Amino acid sequence: MKPATQISAAGQPAAHLRLVSDRAEGAPAGITLSGVSKTYRTRDGDVPSLRPLDFTINDGEFFVVVGPSGCGKSTLLKMISGLLPPTSGEVLVDGEVVTRPHGNVGIVFQNALLLPWRNILSNVMLPIDMKGLPREKYLTRARDLLKLVGLEGFERKLPWQLSGGMQQRASICRALVHDPRIMLMDEPFGALDAMTRERMNVELMRIQRETGKTVLLITHSIPEAVFLADRVLVMTERPGAIAAIYDVPLPRPRSLESMSDPVFTALVQQIRKHFFTQGTLD
Amino acid sequence: MAEAKSPSGVSRVLNAAWVRPFLFLVVIVVAWDLSIRLFRIPAYQIPSPGDVVAVLWSDWPELLQQSWPTTYATICGFLLSALFGIPVAMLIAGSKTVESYVYPLLVFSQSVPKIAIAPLFVVWFGFGIIPKVISAFLLGFFPVVVSAVQGFKSVDPDMVDLARAMQGSRFRVFCAVNLPHAMPAIFSGLKVSVTLAVVGAVVGEFVGSNSGIGYVMQRSIGTFDLPTMFAALVILALLGVILFWIVDRIERLVIPWHVSQRDDIIFAS
């Protein structure tokens, strides 16, 4: 299965827009999972959450995982960020085995999870404070990111003064401020209304193009997955395993019109079949 | 009577936050006075409000002087319960092992009536300030622990994961996420605690003391001097209200971001 090749051609933003720092060449970039499985030990015995998974996410790729609820998608995300050790196998990020939080990820959850006592700017600065990096150095970057997502002028506002969509955009800035290679997004737009959600999809695609990050996004929405992804991984029900991985051959940049493309609808249909034969998608 | 001429001025005064409880108090006092007159309750059972006010008026230097030891014991006991209660709550919320050992015992100890063991403190520590402080501390401690444990435990685990994924050390994550998150709960515990600390200090004074409001009450009951006893009750209530108000003010300063304080912030967007 070839990774989408068109990303490098169409997805390369102009140099001045790239917010990525230059990385040392040599190490195999991206995320590699080899034989990674997870079993939770509980009082009632072992509960398998993920069956052994093998796949690679390329550097700069937009990789989307769809699957029924409870199939271990969030476990996957925690293992890649180093919060949770796999029961077997190993996770490699940029060629290095993940054993503990490595800080090379930005995480966005379904809820924006902004700290209510910090204003938007200092919420965005949270990773900098956690890592103990010099604040002054990153303040400009935080402001630039807020500008990038259209939150200029809201720096001093408290989270509750912003709408749900705006809060989620701020949390995307927080995931990007320390310039990680990888963005992990766990159903980031699940709590938003349908219209905001579509707008956020377009915006996320633009942010990913402008920053060149590797994105692993988890979603329940098949159209959203196909619309955003370079590749879509379909998972089975618990314990989760790979049902299939699809290339999305839609050209970039995509707009909401891409959703009426026959390629798009055919792929959505095909992915949906997995869940109709398996059961239901939550 | 400038207000009387402008109705907006009168209604503003009537609607001021501090006037309402005051008006309610006036209603209660009037009802008290009326029922004594109506039901012909003798003065040795319930004194009339007038007598109580008379005592407050004539004996206020003595009452004021006696309220210092009580205030002092209350504040010391309250500060101790905050000083010990919050770290204990941190340990209980942070470790399942500590919780399983300590929490049931804490609840168990709470069921022991403090007034029954207060004489023990007199035996151990004499008639000085210490037994009163301990008594105030014991009453104030429990609500702080329970609320703070609740506060520390209600942190969204995703939020903690998020901070930990940024390589935040345990201490940094705690200071940036857990502690501020627990503040509203801690303050609600402190508010309960401060009023109970007053009770604790008085209990301490009941069982063995020669000063303080509790001592005044004990003495006046012995001599059937009910107006003085009621005057002491009024002083105690005032003490509780003032201390509660101080904690409330501090809360506003410390957690201005909380939902309960939001009406103070002007929405500007």
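Two strands count as paired if DSSP finds at least two bridges between them, and strands themselves are DSSP runs of E with at least two residues, while helices are H or I runs of at least four, all numbered from the N terminus. This is a predicted model, in which local features need pLDDT of at least 70, side-chain atom pairs count only at pLDDT 80 or more, and totals for chains, interfaces and linings use all residues. Residues are numbered from 1 along each chain as its sequence is written, with chains lettered from A and ligands numbered from 1 in the order in which they are written.

**Exercise 1.** Work out which residue stands opposite Val108(A), and place the pair in its sheet.

*Solution.*
- Val108(A) faces Met185(A), a residue of strand 7 of chain A.
- Strand 6 and strand 7 (residues 182–186) of chain A run parallel, joined by four bridges.
- Now zoom out: the open, mixed sheet of chain A has six strands in the order 6-7-8-3-9-10.
- Strand 6 (105–108) and strand 10 (242–247) of chain A sit at the edges with a single partner strand each, so one side of each has no neighbour in the sheet.
- On average, neighbouring strands here are turned by 15° against each other, direction ignored.
- Helix 6 (residues 164–176) of chain A packs on the sheet, touching strands 6 and 7, and its direction makes about 165° with that of strand 6. Axes are lines fitted to C-alpha atoms, for helices over the stretch in contact, and angles run from 0 to 180 degrees between N-to-C directions.

**Exercise 2.** Find where helix 10 of chain B bends.

*Solution.*
- Start with the span: 38 residues in a straight helix would cover 56 Å at 1.5 Å a residue, but helix 10 of chain B spans only 46 Å between its end C-alpha atoms. The expected figure is 1.5 Å times one less than the number of residues.
- The bend is about 45° at Met183(B), and Pro184(B) follows within four residues. Such a bend is the angle between axes fitted to the seven residues ending at a residue and the seven starting there.

**Exercise 3.** Describe what chain B brings to its contact with chain A.

*Solution.*
- Count first: 19 residues come from chain B and 20 residues from chain A, where contact means C-beta atoms, placed from the backbone, within 7 Å.
- Helix 9 (157–165) and helix 10 (170–207) of chain B each supply at least two residues of chain B's side.
- Helix 9 of chain B gives the most, with seven residues.

Key
Two residues are in contact if their C-beta atoms, placed from the backbone, lie within 7 Å.
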